[in-house]
Amino acid sequence: MKNIKLNLIKVNKCLGLNFYSGSIRLGDLFERYQVPIYKAGCGDITAKDSGYQRQPKQKRIDDVKNRIMTVVRDDEVVNTEAFVDNVNLNLRSPLAEKLIKPIIDNLDGFGDIFVFDYDASEVEKFFVVDGQTRIRGAHAAYRDALERNNLELAGVLGDTRLQFTLTFCDDIFLEAYGFYLINQYAKAIPPEGAIRLLHEGKQKGDVNFINEVTISKQIDKVESMKVAQWLFDNSDVWSGNISDFNDSGTSKINIQALTRIIMPIHKIIKRAEGRDSISPEENTIAVIEAFWCGLMDAYPEMFSGEQRGNYNILKAASAEILMMVLVNIFQLNQTKSFGNMTDRKLFKGLIKSLFDVIDARNMGDTATVKGSDLFIIGKDGVIANYGNASSKKQFVERINNEFVKQMYSAL
């Protein structure tokens, strides 16, 4: 790659970093950019070939490409409306900042102009912190022009200027925190992407993310995400049955949805007395894993074997109902102790006794079902009748009343 020369204005200092603004030829950027996309399933934004951003929707890239190639002004060969705003770039080479020199000696403060002249082969690619869809769309338009042998259009696209904000930082969490701030307070990050960032940043001890979790009052959510991540990685029941951020084309429960339905039981468990020797998240993991393993032991046909695909037990609606049941069981155990809430054998007996007597008309109104048949997919089962919060609550109240009756009749 050739040398590149950029004129930069030092604009401000934020997060301990100098921020520069400037303009770059798209053709120069196309040769040397990278988007830090989160790699589903790796559980670490610092892993090789991973990152912290979502995979962009192809339609949005195509929309940018088509807009660029649809000219609306007589004085343009390409439509530059997609570049009305700047993109945010980062070079993970702090030493490269030393190559920046002021145009005029001794004028090296904010608002002054600098020149950045460097050998592109010796500096890492620009990481796109914000603006990946616009850059990818422009790049797609450029490649399309080349494939059609429209060298004039490709040349104009390559010479089109793009304004940018540039930082120099090799700390991926600081880079990711900049992405978080840009998107959280300007335009929405997908919920699963936001919580993934907060969780990983806090896990790594990054002070910016730790402070953000506290300031935004998302401690319970981030702790619940840690529980969901453990289930994703290690659970005898859930591992392999959860979709991660950026997973596509899957019917598995999303890790953000699982985090949401974990939160109620986690809040109760963390506020319960005892178990100070382990963290609140470890408490919740132990209880949830015991509950679901007990459920699997009670009704193994729902989790393995040829019949497994006939049940929706691990879908969002079923999981939410069962987590609400777990909340009730845990709370009752605090007032009337009947066993260890981390014992899967205890849960096996409790759940079997409970769901073997809970019956309901199935969705197709063809039979009254109970036990594992409640969770049969479609009209032969029951769960599809409970699609909204109100109906879920009513069903859980019925289950809870039966559980209370069973517990107190055992006295």
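**Figure 1. The whole protein, a predicted model with 13 helices and 12 strands.** The radius of gyration of the protein is 27 Å, well over the 22 Å that the globule rule gives for 411 residues, so the protein is more spread out than a compact globule. Its C-alpha trace spans about 90 × 50 × 35 Å along the principal axes, and buried residues account for 50% of the 411 residues. Of the contacts between residues at least 6 apart in sequence, 68% join residues at least 24 apart.

**Figure 2. Strand 1 with strand 2, a hairpin.** Strand 1 (residues 3-14) runs antiparallel to strand 2 (residues 17-25), and six bridges join these strands. Two residues lie between the strands, and one residue in the turn, Leu-15, has a positive phi of about 60°. Within this pairing, Lys-10 has Tyr-20 in strand 2 as its bridge partner.

**Figure 3. Strand 1 with strand 6, an antiparallel pair.** Strand 1 also pairs with strand 6 (residues 113-119), here over seven bridges, and Asn-3 stands opposite Asp-119 in strand 6.

**Figure 4. The packing of helix 11 against helix 13.** Helix 11 (residues 316-335) and helix 13 (residues 389-409) pack at an angle of about 35°, with their axes 10 Å apart, and their crossing is right-handed. Among the residues that make the contact are Ile-321, Met-324, Val-325 and Asn-328 of helix 11, together with Phe-395, Val-396, Ile-399 and Phe-403 of helix 13. Taken as a whole, the residues of this contact comprise 13 nonpolar, two polar and three charged.

How values were computed
Residues are numbered from 1 along each chain as its sequence is written. This is a predicted model: local features need pLDDT of at least 70, side-chain atom pairs count only at pLDDT 80 or more; totals for chains, interfaces and linings use all residues. Side-chain values use heavy atoms; hydrogens and water are left out. Axes are lines fitted to C-alpha atoms, for helices over the stretch in contact, and angles run from 0 to 180 degrees between N-to-C directions. Helices (H or I, at least four residues) and strands (E, at least two) are DSSP runs, numbered from the N terminus. A crossing is left-handed if the near helix is turned anticlockwise from the far one by less than a right angle, and right-handed if clockwise. Contact means heavy atoms within 4.5 Å. Ala, Val, Leu, Ile, Met, Phe, Trp, Tyr, Cys and Pro count as nonpolar, Asp, Glu, Lys and Arg as charged, and the others, Gly among them, as polar. Two strands pair if DSSP finds at least two bridges between them. The radius of gyration is taken over C-alpha atoms; the globule rule is 2.2 Å times the number of residues to the power 0.38. Buried means under 20% relative accessible area, exposed over 50%, partly exposed in between (1.4 Å probe, protein chains only).
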